[in-house]
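Me: I'd like a close look at one part of this model. Could you take helix packing as the starting point and work outwards from there?

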Amino acid sequence: MIAIDHPWRSDGQRQVFRRLLAAWAEPGSVADIAPWCGGAHASLAVLACLCDAATSFCDADQLLSPTDRSRLAARPAPAGEAAFILADAARPPAWVPERGSLLAPERGATIVLRCQSLGEGAVVALRGPGIAERAALAVSGLHPAWWTARACWCAYPLGVDFVFCDATRLACVPRTTTVGGEES
Amino acid sequence: MAADDFGFLDAYAVREIRRALLKALAVPGYQVPYASREMPIARGFGTGGLQLSLSVLLPGDRIKVIDQGADDSVNAVNLRRFIVAACPGVQPVTRTAEATVIQTRHRIPERPLMPGQLMIYQVPYPDPLQIVEPREAERRRMHAEGDYARLWVKLYEDVVRFREVALSNRYPARVHGRYIIDPSPIPRWDLPKLHRSAVPHLFGAGREKKIYAVPPHTAVEPLAFADVPFEVERFRDEQGRRRRCARCQADDTYLDQIPLPGGGSRWQCNDQDACDERLGYPDAR
Amino acid sequence: MRVCDLLLVPRQEVLALAERLSAGREVEHLVVPTAGSWLLQMREGVRGDRWYIGEIPAAQAAVRLYDRQLGSCRGAAVIMRADAELAVAAAILDAVARASWPGCDEIAALAARGSAERLRAEGQRAAIRAATRVSFSELGTEQDA
């Protein structure tokens with residue numbers, strides 16, 4: 001009676017999470033999760049493996065259908081309070097996310113950014129935990145305001161963690177990563 | 001009970017652990033609180049590590065479970081059996097080189113870890129400040145403010161009284177220049193392996209309901225004084241020579257001292273697989 | 001009709017009825033049917049610390065049914081049992097019953113059986129309780145023989 005497809009199936013969500021975990025531990029590395037997206041955007045698959053009724057979510061740019069939002073089951077919250085935020089990378093952020101507190105830095109938001117393509121476009125250099133020397137991340141269709149906003153939001157250990165998603169892939173930039181400007 | 005057909009944990013438990021794991025990696029060394037569920041194994045017997053393993057494993061993974069360097073101790077065998085039963089498609093292994101996920105209590109394998117592997121620790125006491133402050137709320141404040149003065153004082157008192165820091169395991173270390181962690185009861189010998197490691201290290205304390213992590217390529221510095229540097233076990237004999245493993249002759253591994261019936265003792269590798277590997281796996285042939 | 005009394009009749013009968021009433025109709029899952037343990041969170045009064053009083057097994061489902069002639073209707077269920085399939089069946093029955101689609105009388109009949117079962121169990125429990133009732137006012141007046 002229960003016929004449900006990726007990205008809502010628990011076996012697929014396990015696969016997505018393991019790749020997300022690996023990409024999160026090594027900022028800038030790109031992981032392909034296409035087999036478990038079920039045709040949906042990778043950003044939805046990422047949210048589906050993390051969200052449930054115990055957390056809060058803000059669809060800042062109204063990117064999801066009402067059914068998908070309902071299936072995530074997370075409490076709707078304004079961008080300033082949500083634990084998870086989905087936003088369009090092409091538009092500059094018009095809000096300030098939760099950055100956590102010194103007593104609870106884990107409350108800093110996870111921001112999932114839907115972008116055009118990973119591995120193309122402007123390249124940024126990354127340094128920090130998870131990166132041996134230096135890593136490079138190319139994101140096309142990303143408004144540059146995101147990097148400046150991130151610099152304001154992140155004051156370690158407080159801050160926000162980014163997950164960039166194109167249609168089928170993901171890459172992460174957690175708050176510990178130093179984004180070193182564009183490479184020539 | 002569990003509803004998910006893979007991994008024992010139910011959908012709500014596993015999502016909460018996933019969220020905690022990501023934040024633990026984003027704030028290296030910070031202890032993320034989470035709701036540790038009841039497990040079919042008593043708290044204090046590795047439920048924290050077990051919950052992490054069950055949350056990350058996939059069909060096709062190869063799991064190694066060690067307890068004090070051994071794959072065949074009662075605890076390791078029980079945990080491995082449970083994991084394999086709860087996770088169809090996950091294969092149990094004992095060789096470090098073949099494992100994709102390694103769940104451990106008290107040791108880090110001697111063999112250098114390779115990218116793609118995951119280390120998971122069973123942690124009895126997650127907080128290094130526990131030895132100086134009994135109240136959890138106060139310890140949380142101390143971590144939040146980076147107020148580690150009392151821990152330093154304790155180490156200093158050790159140096160004054162014993163001429164060294166009197167901690168053989170659970171030696172505190174600073175992660176990414178900020179939080180001080182209890183690296184679980186691994187010997188000092190293993191602590192340098194956390195520094196700029198090739199793999200993520202995930203720590204689960206089930207009874208204390210905390211998860212923390214050290215990402216790959218992250219600075220992990222044992223607390224030490226400029227004039228009393230951190231040192232690992234030396235394993236010197238009376239003449240000052242480095243002892244060797246009586247079995248494989250290695251002189252670069254962590255050794256166990258095994259008392260002999262007629263007095264005296266024998267020294268042997270603690271990491272069973274490393275010892276076997278050096279001997280070319282004699283039992284396998 | 002108390003829809004929750006459906007859970008007191010044998011599980012297979014609920015599943016079979018839901019199967020029959022959803023046959024030929026499209027079932028859309030509005031939430032992902034999930035079973036597991038829910039944590040009951042409390043906030044401690046003095047310091048405001050959060051803690052967990054315990055966990056209960058639970059499952060939830062919400063569906064929309066589409067029928068060519070009748071259009072669509074919605075139903076949902078949260079049950080205190082870690083049984084996602086049963087939650088989906090209950091959600092389907094909830095949808096049909098609320099929309100008063102054909103078959104809702106069958107649901108009412110099934111629920112009535114559950115209600116009867118509940119009343120019987122409650123009566124039985126009341127009888128057991130009654131047998132253990134102690135009248136304290138009489139204790140002092142009793143004389144030892």
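Here is a walk through that part and its surroundings.

Reply: Keep in mind that this is a predicted model. Let's start with helix α1 of chain B, residues 11-26, and its partner across the chain boundary, helix α1 of chain A, residues 10-25. Their axes sit 10 Å apart and the packing angle is about 10°. With an angle under 35 degrees counting as roughly parallel, α1(A) is therefore roughly parallel to α1(B). On the chain A helix, the contact uses S10(A), F17(A), L21(A), W24(A) and A25(A). Facing them from α1(B) are A11(B), R18(B), L21(B), L22(B) and L25(B). Sorted by class, that contact has 8 nonpolar residues, 1 polar and 1 charged.

How does this helix pair fit into the whole interface between the two chains? In total, 29 residues of chain B are in contact with 30 residues of chain A. On the chain B side, α1 and α4 (136-145) each supply at least two residues. The biggest giver on that side is α1(B), with 11 residues. The chain B side as a whole breaks down into 17 nonpolar, 3 polar and 9 charged residues.

Chain A also touches chain C: 8 residues of chain A are in contact with 11 residues of chain C. The chain A side of that interface holds 5 nonpolar residues, 2 polar and 1 charged.

Back to α1(B), which has a neighbour inside its own chain as well. The axes of α1(B) and α2(B) come within 10 Å and cross at roughly 100°. Since 65 to 115 degrees counts as roughly perpendicular, that is how α1(B) lies relative to α2(B). V14(B), I17(B) and R18(B) make the contact from α1(B), and Q51(B), L52(B) and S55(B) make it from α2(B). By class, there are 3 nonpolar, 2 polar and 1 charged residues here. Notice R18(B): it is listed in the contact with α1(A) and again in the contact with α2(B).

What about the surroundings of α2(B), residues 47-56: is the helix covered or uncovered? It's mostly covered, with 10 of its 10 residues buried. The buried set runs through T47(B), G48(B), G49(B), L50(B), Q51(B), L52(B), S53(B), L54(B), S55(B) and V56(B). So Q51(B), L52(B) and S55(B), which meet α1(B), are also counted as buried.

Moving along chain B, A70(B) lies in the loop between β2 (62-67) and α3 (74-86). A70(B) has 20 other C-beta atoms within 10 Å, so this loop residue counts as buried. Leaving aside residues up to four places away in sequence, A70(B) touches A76(B) and Q272(B). For a sense of distance, the C-alpha atoms of A70(B) and Y125(B) are separated by 21 Å, with their positions 55 residues apart along the chain.

That brings in the domain layout. The assignment for chain B gives domain 1 (11-222) and domain 2 (234-285), and the C-alpha centres of the two lie 26 Å apart. Between them, 13 residues of domain 1 are in contact with 8 residues of domain 2. The domain 1 side of this boundary divides into 4 nonpolar, 4 polar and 5 charged residues.

There's also a neat hairpin in chain B. Strands β11 (residues 255-259) and β12 (residues 265-269) run antiparallel, joined by 5 bridges. D256(B), for one, has Q268(B) as its bridge partner in β12(B). The two strands have 5 residues between them, and G263(B) in the turn has a positive phi of about 90°.

Finally, the strands of chain A. An open sheet of 7 strands there has mixed pairing and the order β1-β9-β8-β5-β4-β2-β3. At the edges are β1 (31-32) and β3 (75-76), each pairing on one side only. Within the sheet, β8 (residues 161-165) and β9 (residues 169-173) run antiparallel with 4 bridges, and C165(A) has L170(A) as its bridge partner in β9(A).

Chain A has another antiparallel pair, β6 (residues 117-127) with β7(A), held over 7 bridges. In that pair V123(A) is partnered by A138(A) of β7(A). Strand β7 (residues 135-140) has a covered face of A135(A), L137(A) and V139(A), while A136(A), A138(A) and S140(A) make up the uncovered one.

Methods
Residues numbered from 1 in each chain as written. Chains lettered and ligands numbered in written order. Predicted model: local features only at pLDDT ≥ 70, side-chain atom pairs only at ≥ 80, totals over all residues. Axes fitted to C-alpha atoms, helices over the stretch in contact; angles between N-to-C directions. Parallel < 35°, antiparallel > 145°, perpendicular 65-115°, else oblique. Contact = placed C-beta atoms within 7 Å. Nonpolar A, V, L, I, M, F, W, Y, C, P; charged D, E, K, R; others polar. Pairing = 2+ DSSP bridges. Domains from an automatic or database assignment. Buried ≥ 20, exposed ≤ 12 C-beta atoms within 10 Å, placed from the backbone.
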